[in-house]
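Subject: Handing over the two-chain model

Hi,

Here is the structure I promised to pass on. Have a look at it first, and then read my notes below.

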Amino acid sequence: MKAKEVIGEDAEIALADARYDAIGKILETALVRGERKWEASDLLDKVFLNKYVGIPAFLALLWAVFQFTFEASAPFMALIEMLFAGLSNAAAQIPNDVIASLLADGIIGGLGFILTFTAPIFFMFLALSLLEDSGYLARAAFVFDRIMNKLGLHGRSFIPLLLGFGCNVPAIMATRSIEGTKDRMITILTIPFMSCAARLPVYILIAAAFFASNAATAVWSMYVIGIVVAILFALLLRRTILKGEPAPFIVELPTYKMPTLSGTLLHTWERGAAFVRKAGTYLLAGAVLLWLLSVLPWGVAAGSADSLIGQIGQAIQPVFAPLGFSWQIVSSLIFAFLAKEIVVESLGVIYGVGGEADIQAALLASISPVSAFALMVFTLLYVPCLATVGVIKKETGSWRWTLFAIVSEVLVAYLAALAIVMVGGIFI
Amino acid sequence: MRLSDLKPNQIATVKAIEEAGQAKRRIMEMGLVRGSRIRVICRAPLGDPIEVEVRDYKLSLRRRDAENIIITEGV
């Protein structure tokens, strides 16, 4: 006999009813109701959830978070850079060429590059921990749930996606607050299309060289293209391999609280330390591997046509011929797997020129403006940096999903760049 | 009457929950069961979801789920 036939309704309902009945009876005897202490919290909700003020208030807070992150971290970034430049110089004095180069260019150079990002990551986590502990983040999810839901996502996907504009690494870590497994997976796979701060120097270099007075528009269009591709990709995933409805938005909106110093610092530390640990493992290995590729066979000029990376670039260049990319560009895109801003630095190394103006001249001589725009789009969309891949692996706990992220994003980047070259070819 | 018909600051009592599966379990876990008193606080700036007060705390749920909660006005 089934429970339903005995009690005349679902066991779940009967259980919940009975449970809350029991709770109610206990409360009647045990709880003395004090004054309602909702007032301040209610007042804040009147502002943050107001029909007209809610969204502008959110935008203002967001602006403050980014402003704080970049302003507060700038001196620390400079400090870390100086420290590693010093270490690198010291290591270059080692009499053994191979060891000197491995230490200076490979380990210290690569690690220093990545570690400079610990400063903005820590400060962004600090700002977010404050917002989270105060109870505001739950409200932001509440305010934007409708838009996210239309895109097949959940209100809680909103903040991580937004963080992606700063750095994809903390953004993907922030998806932990999303309960639905599929909602979370779609969010993780979509975040890399959000144009992180590291891609900006690449856009600026290329846009300034090719689009002169329209440079700002070209850079802005990268952010727009990133968002459009992210939306399309999320919708595609929701209709194919991650089918289903977004999880219901049945969540508590906690009262606003004053964040505590120890709580905030603990949150910040937990998340920031995870990034540093990763920098010490995955990233270090990646940096050494890329260094090996650029200096082997031993004796060639680093990153030249004869080096392994130069040879790989030349070998796969035909794939990129339809996009109009030279092998130098292909090689530097491989380098940029470590961190996207490396495109700039490695173009210099591979073209054998120094300084931004010379890199721009070399680019102008080797690709068309349409290909240059395609290169910007490719840089925007293709495999996120090694740090992001590492964190995708950690958060999904699966090599298959990590591999899927890499392959699908390279494919999306290639197709988008190809579309630009083809459409551009018609008009120009 | 359904929870989605309730206007801000109106108070009602839950009569039945017509949801199924995941959403239903979640709604009841959060203490929205038959007989619960519920008050609508506000709608999100874009019209959905809504914020309600139940058992002395605040809960948010989408219109779609609110439509499946049958209520009677008043306590």
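Let me start with one residue in chain A: A:Ser346 counts as buried because it has 25 C-beta neighbours inside 10 Å. The cut-offs behind that word: a residue is buried with 20 or more other C-beta atoms within 10 Å of its own, exposed with 12 or fewer, and partly exposed in between, with C-beta atoms placed from the backbone. A:Ser346 sits in helix 16 (residues 342-351) of chain A. Measured out along the chain, so to speak, A:Ser346 and A:Ala419 are 73 residues apart in sequence, and their C-alpha atoms are 26 Å apart in space. (Ignore my wording at the start of that last sentence: the spacing is computed from the model.)

**What kind of model this is**

This is a predicted model, so local features need pLDDT of at least 70 and side-chain atom pairs count only at pLDDT 80 or more, while totals for chains, interfaces and linings use all residues. Residues are numbered from 1 along each chain as its sequence is written, and chains are lettered from A and ligands numbered from 1 in the order in which they are written.

The model scores ipTM 0.92 and pTM 0.77. Chain B averages a pLDDT (the predictor's confidence in each residue, from 0 to 100) of 87, and 100% of its residues score at least 70. Within chain B, confidence is lowest in helix 1, at a mean of 81, and highest in strand 3 (residues 50-54), at 92.

**Chain A**

Chain A has 20 helices and one strand. For these, helices (H or I, at least four residues) and strands (E, at least two) are DSSP runs, numbered from the N terminus. Taken along the principal axes, the C-alpha atoms of chain A fill a box of roughly 85 × 50 × 50 Å. Of the 428 residues in chain A, 41% are buried. Among the contacts in chain A with a separation of 6 or more, 71% are between residues 24 or more positions apart; a contact here has the two C-beta atoms, placed from the backbone, within 7 Å.

Have a look at helix 19 (residues 386-396) of chain A too, which is mostly covered, with eight of its 11 residues buried. Among them are A:Leu386, A:Val389 and A:Ile392. After helix 19 of chain A comes A:Gly397, whose phi is positive, near 65 degrees.

**Chain B**

Chain B has two helices and five strands, and from the N terminus on its elements run β-α-β-β-β-α-β. The radius of gyration of chain B (taken over C-alpha atoms) is 11 Å, close to the 11 Å that the globule rule gives for 75 residues, so chain B is as compact as a globular protein of that length. The globule rule is 2.2 Å times the number of residues to the power 0.38. The C-alpha trace of chain B spans about 30 × 25 × 25 Å along its principal axes, and 40% of its 75 residues are buried.

**A sheet shared by both chains**

This is the part I'd look at on screen. Six strands form an open sheet in the order 1(A)-4(B)-3(B)-2(B)-1(B)-5(B), with antiparallel pairing. Two strands pair if DSSP finds at least two bridges between them. At the edges are strand 1 of chain A and strand 5 (69-73) of chain B, each pairing on one side only.

Inside chain B, strand 1 (residues 11-17) and strand 2 (residues 37-43) run antiparallel and are joined by three bridges; B:Thr13 has B:Arg37 as its bridge partner in strand 2. Strands 3 and 4 of chain B pair in the antiparallel sense over five bridges, one partnership being B:Glu53 with B:Lys58. These two strands form a hairpin with two residues between them, and B:Arg55 in the turn has a positive phi of about 50 degrees. Strand 4 of chain B is mostly covered, with four of its five residues buried.

**Where the chains touch**

Which strand of chain B pairs with strand 1 (residues 251-252) of chain A? Strand 4 does, in the antiparallel sense and over two bridges, and B:Leu59 is the bridge partner of A:Glu252.

Overall, 25 residues of chain B are in contact with 21 residues of chain A. Helix 1 (21-29) and strand 4 (57-61) of chain B each supply at least two residues of the side of chain B that touches chain A, and helix 1 gives the most, with six residues. By class, that side of chain B has 13 nonpolar, four polar and eight charged residues. Here Ala, Val, Leu, Ile, Met, Phe, Trp, Tyr, Cys and Pro count as nonpolar, Asp, Glu, Lys and Arg as charged, and the others, Gly among them, as polar.

Enjoy the tour!
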